[in-house]
Amino acid sequence: MLITDAHTHRKYTGGCSGFVRNAFLPRPETLDRINYFVSAGLHPWYIDNNWAGAYSRLLDVLQHPRVVAIGECGLDYFHGPDKAVQWHVFEAHLALAQHLKLPVIVHLVRAIHDLIPFIKSRPNTLVLHDYRGTEEETKKLLDYDVYFSMGRSYVKNINRSARFIPANRLLTESDTGKISVQDVLTKLNTELPEQGGIAQLNEQITKNFFNVYPKIKS
Ligand SMILES: [Zn+2]
């Protein structure tokens, strides 16, 4: 059974096509040598005064066949630079994603309430990684092209919104690797018994993965 990992920082150890590694800002020549898929973008924690230079280097790699998503990028109201700078950089990523028709892996900390009204005017496909929204926020987000990537916060019970998310919007992720995608899937299965068991639930999540990342052929 293929278990997909929609966002991870782990090293690729082979054998899984359903794996998107966060590469931050990779050099184009390194992408020619890898046999897995990556996302590329400016993480909000690492935005500094030179972000425009990094952003222009990003433009050089996004059309590479190994880059299947933009990100992780986003908004972190707890760490990182000034909110206004973060918003500026995030909007630049969204515009680029729209232009290149790539999904965006979004890092969101204490900023969901600001994102919801903003995405009304945006056609992007968003992967909200390590999703932590409340029931109310989740229900509002369902109106948009948003996927909910469940990971560490879900396994650790920080997030309890899975039962409000339709199965065709769920993804699984290992992120920094403190938990595994198998842990996430096992927990989802116990919480969503109506999905018909772990194999059926995973089949739906795998389908979602390939829908979100169409550059990866299933
Ligand atoms: Zn991450």
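Biologist: Happy to look at this predicted model with you. What makes β4 largely enclosed by the rest of the structure?

Modeller: Eight of the 10 residues of β4 are buried, so the strand is largely enclosed by the rest of the structure. A residue counts as buried if 20 or more other C-beta atoms lie within 10 Å of its own.

Biologist: And why is β5 called mostly covered?

Modeller: The cut-off for a buried residue is again 20 or more other C-beta atoms within 10 Å. In β5, residues 104-109, five of the six residues are buried, so by that cut-off the strand is mostly covered.

Biologist: How do you know that β4 and β5 pair?

Modeller: Pairing needs at least two bridges. Six bridges join β4, residues 67-76, to β5, so the two strands pair by that rule. They run parallel. Among the bridge partners, Leu 75 goes with Leu 108 of β5, and Gly 71 goes with Ile 105 of β5.

Biologist: What makes the crossover from β4 to β5 right-handed?

Modeller: The chain leaves β4, passes through helix α3, residues 83-100, and enters β5 in a right-handed β-α-β crossover. The term is used because, with the strands pointing away from the viewer, the path over the helix runs clockwise.

Biologist: How do you know that β3 pairs with β4?

Modeller: Strand β3, residues 37-40, and β4 have three bridges in the parallel sense. The rule asks for at least two bridges, so β3 and β4 count as paired. Ser 39 has Ala 69 of β4 as its bridge partner.

Biologist: Friendly challenge: what makes β5 and β6 a pair?

Modeller: Three bridges, in the parallel sense, link β5 with β6, residues 126-128. With at least two bridges required, these strands pair, so the label holds. Val 104 stands opposite Leu 126 in β6. Between β5 and β6 the chain goes through helix α4, residues 112-119, and this β-α-β crossover is right-handed.

Biologist: Which residues of α7 and α8 meet, and what is the angle at which these helices pack?

Modeller: Leu 185, Leu 188 and Asn 189 in α7 meet Ile 198, Leu 201 and Asn 202 in α8. By class, that contact has four nonpolar, two polar and no charged residues. Helices α7, residues 181-191, and α8, residues 198-212, pack at about 115°, with their axes 10 Å apart. Helix α7 passes α8 in a right-handed crossing.

Notes. Residues numbered from 1 in each chain as written. Predicted model: local features only at pLDDT ≥ 70, side-chain atom pairs only at ≥ 80, totals over all residues. Buried ≥ 20, exposed ≤ 12 C-beta atoms within 10 Å, placed from the backbone. Helix = DSSP H or I, 4+ residues; strand = E, 2+ residues; numbered from the N terminus. Axes fitted to C-alpha atoms, helices over the stretch in contact; angles between N-to-C directions. Left-handed = near helix turned anticlockwise from the far one by under 90°. Contact = placed C-beta atoms within 7 Å. Nonpolar A, V, L, I, M, F, W, Y, C, P; charged D, E, K, R; others polar.
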